[in-house]
Amino acid sequence: MLSLTIQNATVVLTKLPDIYGADISDESLRLFFQSGSGLAALAGTNPYVMGVVSVQAFFSSLNKHSAPRNYIVEPTLITREMAVKNNLQHVSDVVRVIPEFLKYQQFSENRFHK
């Protein structure tokens, strides 16, 4: 039980509030399995894909190739229920269960500033 005092009023929380995160990593995924963790869900992109996109864009620009102007890496939502049901304790586990976690899209035209 957690007790907070806010301007002469005492609030007693019998359950910690749900926590939502914006990072999917091995460390954050393990929080779903820790006793007392209030982590309810994580949303984010695959760090491996973000690295691939960055390196690909960098080398394309160095080699004077026509590099895509935009990359879209869709974020993924992982809930506690999903993590526990599928034993998602590592980023590689997420790829196994959600193959889209490895995908990204390239666009050579500027779709966002027409």
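**Entry 1: strands 4 and 6**

I started with alanine 41 and looked for its partner across the sheet: alanine 41 stands opposite threonine 79 in strand 6. This is a predicted model, so I read every position here as a prediction. I then checked a second pair, and glycine 44 sits across from threonine 76, also in strand 6. How many bridges hold strand 4 and strand 6 together, and in which sense do they pair? I found four bridges, with the two strands antiparallel.

**Entry 2: the faces of strand 6**

Next I followed the side chains along strand 6, and they alternate. Thr76 and Ile78 point to one face and are buried. Leu77 and Thr79 point to the other face and are not buried. That puts the partner of alanine 41, threonine 79, among the side chains of strand 6 that are not buried. Threonine 76, the residue opposite glycine 44, belongs to the buried set.

**Entry 3: the other neighbour of strand 4**

I turned to strand 3. Strand 4 covers residues 39–44, and three bridges join strand 3 to it. Here the two strands run parallel. I noted two residue pairs. Isoleucine 19 has leucine 39 in strand 4 as its bridge partner, and glycine 21 stands opposite leucine 42 in strand 4.

With both neighbours noted, I wrote down the whole sheet: it is open, has three strands in the order 3-4-6, and its pairing is mixed. Strand 3 (19–21) and strand 6 (76–79) are the edges, each pairing on one side only. From one strand to the next the twist averages 15°.

Is strand 4 largely enclosed or open to the outside? I went through its six residues and five are buried, so strand 4 is largely enclosed by the rest of the structure.

**Entry 4: the whole chain**

I stepped back to count elements. The protein has four helices and seven strands. Starting at the N terminus, I read them off as β-β-β-α-β-α-β-β-α-α-β.

Then I looked up the totals. Of the 114 residues in the protein, 26% are buried. The accessible surface comes to about 8,100 Å², and carbon and sulfur atoms own 56% of that. For contacts with a separation of 6 or more, residues 24 or more positions apart account for 56%.

**Entry 5: a nonpolar patch**

Which residues make the nonpolar surface patch? I listed Val55, Phe58, Phe59 and Leu62, which together give about 390 Å². I picked out phenylalanine 59 for a closer look. Phenylalanine 59 lies in helix 2, residues 47–62. Its relative accessible area is 46%, so phenylalanine 59 is put down as partly exposed.

**Entry 6: the one salt bridge**

I searched the whole structure for salt bridges and got one. The side chains of aspartate 93 and arginine 96 meet in it, at 3.8 Å from N to O. Why do these two fall about one helical turn apart? Because aspartate 93 and arginine 96 are three residues apart in helix 4.

I compared how open the two ends are. Aspartate 93 is buried, since its relative accessible area is 15% and the cut-off for buried is under 20%. Arginine 96 is exposed, with a relative accessible area of 52%. So this salt bridge has a buried aspartate 93 and an exposed arginine 96.

I also checked what else aspartate 93 touches. Leaving out residues up to four places away in sequence, aspartate 93 is in contact with Asn87 and Leu88.

**Entry 7: asparagine 87**

That contact sent me to asparagine 87, which sits in the loop between helix 3 (80–86) and helix 4 (91–97). What is the phi of asparagine 87? I got a positive value, about 50°, although this residue is not a glycine. I flagged it because most residues other than glycine have a negative phi. As for exposure, asparagine 87 is partly exposed, with a relative accessible area of 42%.

Terms used. Residues numbered from 1 in each chain as written. Predicted model: local features only at pLDDT ≥ 70, side-chain atom pairs only at ≥ 80, totals over all residues. Heavy atoms only, no water. Buried < 20%, exposed > 50% of the residue type's maximum accessible area, 1.4 Å probe, protein only. Contact = heavy atoms within 4.5 Å. Areas by Shrake-Rupley, 256 points an atom, 1.4 Å probe, with all protein chains shown as cover. Pairing = 2+ DSSP bridges. Axes fitted to C-alpha atoms, helices over the stretch in contact; angles between N-to-C directions. Patch = residues over 30% accessible without salt bridge, like charges linked within 9 Å, V, L, I, M, F, W, Y side chains within 5 Å. Salt bridge = Lys/Arg side-chain N within 4 Å of Asp/Glu carboxyl O.
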